[in-house]
Amino acid sequence: METKTKDHAALAEAFIKDEEHVNWHDGALWWIRQKRDIASKQIPEWEALREAASQIKSNVLSNLHDYLLQFEANLIKNGITVHWASDAEEHNRIVYSILKAKEINQMIKSKSMLTEECHLNEYLAERGIDVINSDLGEYIQQLDNEPPSHIVLPCIHKRKEEIGEIFHEHLGTEKGVSDPTTLTRFARRHLRNAFITRRAALTGVNFAVAETGEYVVCTNEGNADMGAHLSDVQIASMGIEKIVPQKKHLGIFLRLLARSATGQPITIYSSHFKKPREGQEMHLILVDLGRTRQLGRPEFRESLKCIKCGACMNTCPVYRKSGGLSYHNTISGPIGAILAPNLDMKRHADLPFASTLCGSCSNVCPVKITIHDQLYQWRQVIVKEGFAANTKVLGMKAMAWTLSSPGSYARMGRAGRWVLNNIPFAINNKLNPWYKQREMPDGPKESFGEWYARNQKENGSDKK
Amino acid sequence: MNTRESILAAVLKNQPPASPLPDISAFKGSRQDVVDNYQAVFTSIGGIVHVVNSFAEINDRIRANFDPTKRIITTLPAMAGYVELMSATADPRTFDDVELAVIDAQLAVAENGAVWLPEQHMGQRIIPYICQHLAVVVPAEIIVPTLHEAYAQIGAGDYGFAAFIGGPSKTADIEQALVMGAHGPITMTVFILV
Amino acid sequence: MTVGLFIPCYVNQFYPQAAIATLQLLQKLGVDVVYPPRQTCCGQPMANSGFEHLTQECNDLFLENFARFDYIVAPSASCVLHVKQHLHSTEDQALADRTRSSVYELVEFLTDVLKIDALKARFPHKVGIHQSCHGLRGLYLAQMSELNAVPFSKPVQLLNMVEGLELVDLDRPDECCGFGGTFCVAEEAVSVKMGRDRVTDHVKNGAEYITSVDLSCLMHLEGILHRNKSAVKAVHIAEILNSTM
């Protein structure tokens, strides 16, 4: 699915072609950013909550080894079977073996970005196991054979008419029906049947409490619970960074999560799973998938504090104008752009450059990840590792300069000359991307330096 | 080395030097106006609130607002005379036809409208999710200002499953248009018992 | 007090009038200003493209030109932020650190160092402020809309001293314009779309001028305004503050 053909700039350009659509997308996400602003400003201690959350997560990262052991021991005490997976393949194999042992060939899955990253559905399908995504947005994306474009709002890039068409094609709704309530009701009936009949349910994990061995799953639809409480086998997949030390810390994170994500005071459902239901099997899979490597990168490890609220996407003007799928990674937007290069630097070399470094992402982040600083740092790493050439115009410009750099120019003029020879608005060329939709600045008669020298001469050098 | 050991070894090797936990004891809300605040917030998130004085009054409200010919169940002995007392052992799938479930909360949180329901209050875990409509009885004295007070009271908690539920099931996945009743209850009513 | 005037390379080449306004404004306020002629580029375009490791000569040159001054002032938040965050010296880091803390963007120099409370300026027009991201979120020239914190704005504080000037309110008061250094060409489509949307916000709210503390943002917005034959003009804040029209 992730066979990459185009980089962010090319995919974004294609997305922008439909201006009415991109304006709608931009406006819908900006509306959510505004709701987030209103919600956060109703909490006088908001900034202190962010700081506390960030510090708790710093503590988690610094003591993750012991917390994982504590969490594991408590899970076992609570009757939950614990599995460890180092990569996607191992994760998928574990899920498959759990289902196989119970001779289950149908599963229902609530939202889990981790299983998207693992391509679990495809893996299981190849082995004869059918998976239905139960989150409405993810369900729509699954029907349309597309990955989610946003971690909280999986099909925010689609208009209702498109969704109506997908429902018509795959579920047999009447052609032309696109009313959101009608479509949602239809999906409700359809998926309720799946909830009732499927014996296995998989959920993601929002927070895992080391102290008690319970995990918290947050949804607005109630789909995680519908699946879990009707299943014989319940599986939870989580990245190892989802730990919080103590239960009281949930108070901090649950106050921040939904307000940051959608402006709601709390998600409708915050479910605390501690023990299996009588007669039910409960499994939890702890997954690495690059987390330990990111933990070992001092300048990027803070990205592991992310609680997946999506606020950085909603506020990011680049994301709003380019759509989540242009990031060609499961986690898109600013946070995706600092997580993805850790997974595959060559493939995702363009993402840290898909930003103006405006810094709004860092300001809305509920755990205070300095996202824009990390984007800057990734650019340095990507260039040093030799992947800058993957980034189109930028790579060419930068390479031109690098090639010209070894001592061939006089010291003073070199940097300035590079800039003036390479800054796009200085190049009077129709192939120059600057000129495509923008005029060049008018060339003045003289530069400030020339004016200053002339004025000093005319007025005497010590005159003001 | 197996996977577990190798992940733990990599974590130990790569984790940064110790960083202390912050003191979060200063985070707390005010008890003032918690009942009014609760009502305002819960209403704003699409919930329905009735302030009542007795279970008889709750029963009257239920008769007035829900179809009594459909299946209504409860965990509350005080409601047993009015509606079906649910079975704790029945197959959870058999509750698919429940129109209304009436249960009670252990806590409610004024700042976000959520009620805290350990599974003992649910009867079965599936009940507050599978019903078409959910009604929760909240004695006024169990309303706390914020999640901080809520977790302080919950402590470790003697449950296998528990949840905060704050309103009817919701989705806005199609064009950000808010639709109540994505998969779970289409409405949620709270009876504040004073 | 002697101020070293730091005029970024592209301002020198394309927007001398903003640099002249900066110089004249400072002189009007009684400041002794010196322009070291051998200055070129702070190195930001390279650094933001991932080539910070190749900017040492820019750093050395900056120190050679500016380390001797009490204050260094520039009409560009973006370049100032770069120097504040990234100025290094291989020989004398203490000197580089001292120099970092002496660099000011023009507006903050006027409000925080000179602490001026009046200006003899007149600009009888409707003006929209474009918040440069580096000025806003890097130098904290104004409160950021994302934070739950007390509002303030240094550019507004100064523009309120200008006779006849009327500020217009925007729908999105501090959204990025999409310039972003090499982003403006590497991501041309997104960059232009962001710029067009910023321009639309100013135009629909009645601005006759768009002003900013950063000419890089303005150059981008101006390029779009000119292409669309708009009557709205982009003007650096120094030109308004120095204006007697």
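Here are some notes on this predicted model, moving from the domains of chain A to its contacts with chain C and then to the sheets of chains B and C.

1. Let me start with how chain A is divided. The domain assignment gives three parts: domain 1 takes residues 1–42 together with 304–390, domain 2 takes 64–289, and domain 3 takes 402–458. Between domain 1 and domain 2 of chain A, the C-alpha centres are 23 Å apart.

2. The meeting of those two domains deserves a look. On the domain 1 side of chain A, 27 residues are in contact with 22 residues of domain 2 of chain A. Two elements of chain A, helix 2 (19–41) and helix 14 (311–315), each give two or more residues to the domain 1 side. Helix 2 of chain A has the largest share there, with eleven residues. By class, this side of domain 1 of chain A holds 16 nonpolar, eight polar and three charged residues.

3. Next, the contact between chains A and C. Chain A brings 67 residues to it and chain C brings 62 residues. Which helix gives the most to the chain A side? That is helix 20 of chain A (residues 411–422), with eight residues. The side of chain A that touches chain C counts 36 nonpolar, 15 polar and 16 charged residues.

4. One helix pair across these chains is easy to pick out on screen. Helix 1 of chain A (residues 8–16) and helix 11 of chain C (residues 188–204) have axes that come within 7 Å and cross at roughly 45 degrees. With that crossing angle, helix 1 of chain A is oblique to helix 11 of chain C. From helix 1 of chain A the contact uses A:Ala12, A:Glu13 and A:Ile16, and from helix 11 of chain C it uses C:Ala189, C:Val190 and C:Lys193. Sorted by class, the residues of this helix contact are four nonpolar, no polar and two charged.

5. Now to chain B, where six strands form an open sheet with parallel pairing, in the order 1-12-7-4-2-3. Its edges are strand 1 (48–52) and strand 3 (84–85) of chain B, each of which pairs on one side only. Strand 3 of chain B pairs in the parallel sense with strand 2 (residues 71–74) of chain B, over two bridges. If you want a residue to centre on, B:Thr74 has B:Leu85 of strand 3 as its bridge partner.

6. A helix also lies across strands in chain B. Helix 3 (residues 55–65) of chain B crosses strand 1, strand 2, strand 4 (98–104), strand 7 (133–139) and strand 12 (187–193) of that chain. Relative to strand 1 of chain B, helix 3 of chain B runs at about 145 degrees.

7. Chain C has parallel pairing of its own. Strand 5 (residues 126–129) and strand 7 (residues 209–212) of chain C run parallel and are joined by three bridges. Strand 7 of chain C is also joined, by four bridges, to strand 8 (residues 233–236) of chain C, again running parallel. C:Ile210 of strand 7 is a handy marker: C:Gly128 has it as bridge partner, and C:Ala234 of strand 8 is a bridge partner of C:Ile210.

8. Finally, a word on annotation. An unreviewed UniProt entry places "domain: Cysteine-rich" on residues 3–83 and 127–221 of chain C. Residues 3–83 of chain C are 56% helix and 12% strand, with end C-alpha atoms 16 Å apart. For residues 127–221 of chain C, the figures are 42% helix and 9% strand, and the end C-alpha atoms lie 14 Å apart.

Key: Residues are numbered from 1 along each chain as its sequence is written. Chains are lettered from A and ligands numbered from 1 in the order in which they are written. This is a predicted model: local features need pLDDT of at least 70, side-chain atom pairs count only at pLDDT 80 or more; totals for chains, interfaces and linings use all residues. Domain bounds come from an automatic or database domain assignment. Two residues are in contact if their C-beta atoms, placed from the backbone, lie within 7 Å. Ala, Val, Leu, Ile, Met, Phe, Trp, Tyr, Cys and Pro count as nonpolar, Asp, Glu, Lys and Arg as charged, and the others, Gly among them, as polar. UniProt positions are given in the numbering used here, feature names are shortened, and annotations may be inferred rather than shown by experiment. Two strands pair if DSSP finds at least two bridges between them. Axes are lines fitted to C-alpha atoms, for helices over the stretch in contact, and angles run from 0 to 180 degrees between N-to-C directions. Angles under 35 degrees count as roughly parallel, over 145 as roughly antiparallel, 65 to 115 as roughly perpendicular and the rest as oblique.
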